[in-house]
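Thanks for coming. I will walk through one structure, and I will keep to what can be read from the coordinates.

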Amino acid sequence: MAEERDVFPRARGRTLSVCREDDEGQWKAPFYFIQGADPQFGLMKAWAIGDCDNGGDEWEEEIKLTEQAVQAINQLNPKPKFFVLCGDLIHGMPGTQWRKDQEQDLKNVLKNIDQDIPLVFVSGNHDIGNVPTPETIDDYCKHWGDDYFSFWVGGVFFLVLNSQLYFDSSKCPELKQAQDEWLDAQLAVAEKQTCKHVIVFQHIPLFLQNPDEDHDYFNLEKSVRQELMEKFHKAAVLDDDPAHIVGFTNTGTAALTKHEEGTNVRFLKIATALNPRIKNLKCLPKSEWDKVWSMLSEVLKEQHFAAETTEPEPPKKKINLLLVASDSNDENEHASVRSALDHYRAEPVISRNACPLEWWLKHEGRPYESSAHLTFR
């Protein structure tokens with residue numbers, strides 16, 4: 001364990017020894033850091049086969065991606081002040097079969113980070129469990145350092161929180177109380193010091209789009225959310241304007257809405273269905289699967305109508321999804337679309353290393369042929 005600490009120092013005693021206030025408490029100049037999340041060794045295989053509980057027995061792809069991230073970070077100039085990983089370091093839940101190997105392989109990759117770039121670890125639900133216990137938190141701390149702590153960099157005060165304690169602390173209420181007391185003390189320091197900025201890292205966000213949104217798996221319960229927001233507002237805002245957080249939230253929500261409006265989400269979902277590597281749609285919430293296939297069906301019908309009402313053009317070099325031919329009425333046309341999609345959906349998902357375009361080229365003669373074309377570039 002001592003050897004691992006030498007490779008990348010972890011938080012101990014609720015702080016990072018390489019980022020103490022004595023050395024980093026004063027603002028000097030702008031700087032940057034790198035934030036990542038969910039390297040989650042084992043997830044991709046588990047998600048691909050639809051068994052997120054027991055399917056994470058391979059993680060070569062995650063190793064390659066994390067190695068690429070490490071290489072990219074090491075090449076940055078100037079160097080980032082630190083690299084923070086915001087939870088779900090591995091996929092295996094506490095007590096599961098592949099957990100120890102996943103942890104070791106992640107450590108083997110991360111030890112190649114430039115030693116001048118400190119690593120900051122944040123706990124996620126896959127690291128300590130959806131319902132953490134004193135034992136699962138203790139095990140995490142032995143491997144990755146304290147589950148909550150603070151540190152300073154360039155006059156900015158950073159707080160790392162264990163958000164699972166706010167999600168469900170039913171098996172360790174005393175640990176949540178300890179974090180609450182510690183957080184109050186840290187925010188008092190922030191308020192007194194009038195820090196240049198205070199930045200909080202945690203795995204589960206307070207909310208996704210709006211502070212008043214309903215509670216679900218991906219955010220914190222409303223009363224917990226409100227309590228934390230009030231604490232943060234009190235410590236981080238110098239004036240007493242209660243509209244500050246509302247204005248900040250409205251600005252952020254407007255930015256998110258603008259971004260969504262500029263993104264063709266419908267197209268992205270349809271493109272996912274047309275990718276034979278991920279056409280099982282496991283990368284989308286299950287509640288959306290039928291909607292995506294319905295959207296694709298409607299696009300095919302639109303394409304069929306356009307093909308019948310548009311003068312023919314010279315063929316272009318594209319990949320086509322061809323549907324069962326139909327020159328009869330709308331009812332038969334809809335049946336043809338459904339039949340084509342059924343045939344396509346019945347095809348097995350291909351390897352993540354295979355090329356989707358090559359797959360389509362090899363399958364032009366299959367049952368999804370017709371006079372109606374859905375063309376994608």
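**A sheet, a helix and two cores**

I start with one pair of residues: Leu-159 has Val-200, in β6, as its bridge partner. Before going on, please note that this is a predicted model.

That pair belongs to a wider contact between two strands. β5 and β6 run parallel and are joined by five bridges. On to the other pairing of β5. With β4, strand β5, residues 156–160, pairs in the antiparallel sense, over five bridges. Two of the partners there are Phe-151, which is matched with Phe-158 in β5, and Phe-149, which is matched with Val-160 in β5. The hairpin of β4 and β5 has two residues between the strands, and Gly-154 in this hairpin takes a positive phi near 55°.

Put together, this is an open sheet of three strands in the order β4-β5-β6, with mixed pairing. Which strands stand at the edges? They are β4, 149–153, and β6, 197–201; each has a single partner strand, so one side of each is left without a neighbour in the sheet. On average, neighbouring strands of this sheet are turned by 20° against each other, direction ignored. Helix α9, residues 173–193, packs on the sheet and touches β4, β5 and β6. The direction of α9 makes about 170° with that of β5.

Now, is β5 enclosed or open? Five of its five residues are buried, so β5 is largely enclosed by the rest of the structure. As general background, side chains in a regular strand alternate between the two faces of the sheet. In β5 both faces are covered: one side has Val-156, Phe-158 and Val-160, the other has Phe-157 and Leu-159, and all of these are buried.

Next, helix α5. This helix covers residues 99–110, twelve residues, and reaches 17 Å from its first C-alpha to its last, close to the 16 Å expected at 1.5 Å a residue. Its buried residues are Arg-99, Gln-102, Glu-103, Leu-106, Lys-107, Val-109 and Leu-110. Seen down the axis of α5, these buried residues fall within an arc of 160°, so they line one face of the helix. The general point behind this is that an α-helix has 3.6 residues a turn, so residues three or four places apart point the same way.

Leu-110 takes us to the cores. The largest nonpolar core has 24 residues, and of these Leu-110 and Phe-121 touch the most other members. Two or more residues of this core come from each of α4 (60–74), β2 (83–86), α5, β3 (119–122) and α7 (134–144). α7 gives the most, with four residues. What does Phe-121 touch, not counting residues up to four places away in sequence? The answer is Phe-8, Leu-85, Leu-89, Leu-110, Tyr-140, Trp-144, Phe-149 and Val-160. There is also a second, separate core of 19 residues, which includes Tyr-148, Phe-157, Cys-195 and Ile-204.

One last residue. Leu-228 is found in helix α10, residues 222–236. Why is Leu-228 called buried? Its relative accessible area is 2%, and the cut-off for buried is under 20%. Not counting residues up to four places away in sequence, Leu-228 touches Tyr-166, Leu-183, Leu-206 and Leu-220. Leu-228 and Tyr-166 are 62 residues apart in sequence, and their C-alpha atoms are 9.7 Å apart in space.

That is the end of the walk-through.

Conventions
Residues are numbered from 1 along each chain as its sequence is written. This is a predicted model: local features need pLDDT of at least 70, side-chain atom pairs count only at pLDDT 80 or more; totals for chains, interfaces and linings use all residues. Side-chain values use heavy atoms; hydrogens and water are left out. The expected span of a helix is 1.5 Å times one less than its number of residues. Buried means under 20% relative accessible area, exposed over 50%, partly exposed in between (1.4 Å probe, protein chains only). The arc is that of the directions from the helix axis to the C-beta atoms. Two strands pair if DSSP finds at least two bridges between them. Axes are lines fitted to C-alpha atoms, for helices over the stretch in contact, and angles run from 0 to 180 degrees between N-to-C directions. Contact means heavy atoms within 4.5 Å. A nonpolar core is a set of buried Ala, Val, Leu, Ile, Met, Phe, Trp, Tyr and Cys residues joined through side-chain atoms within 4.5 Å.
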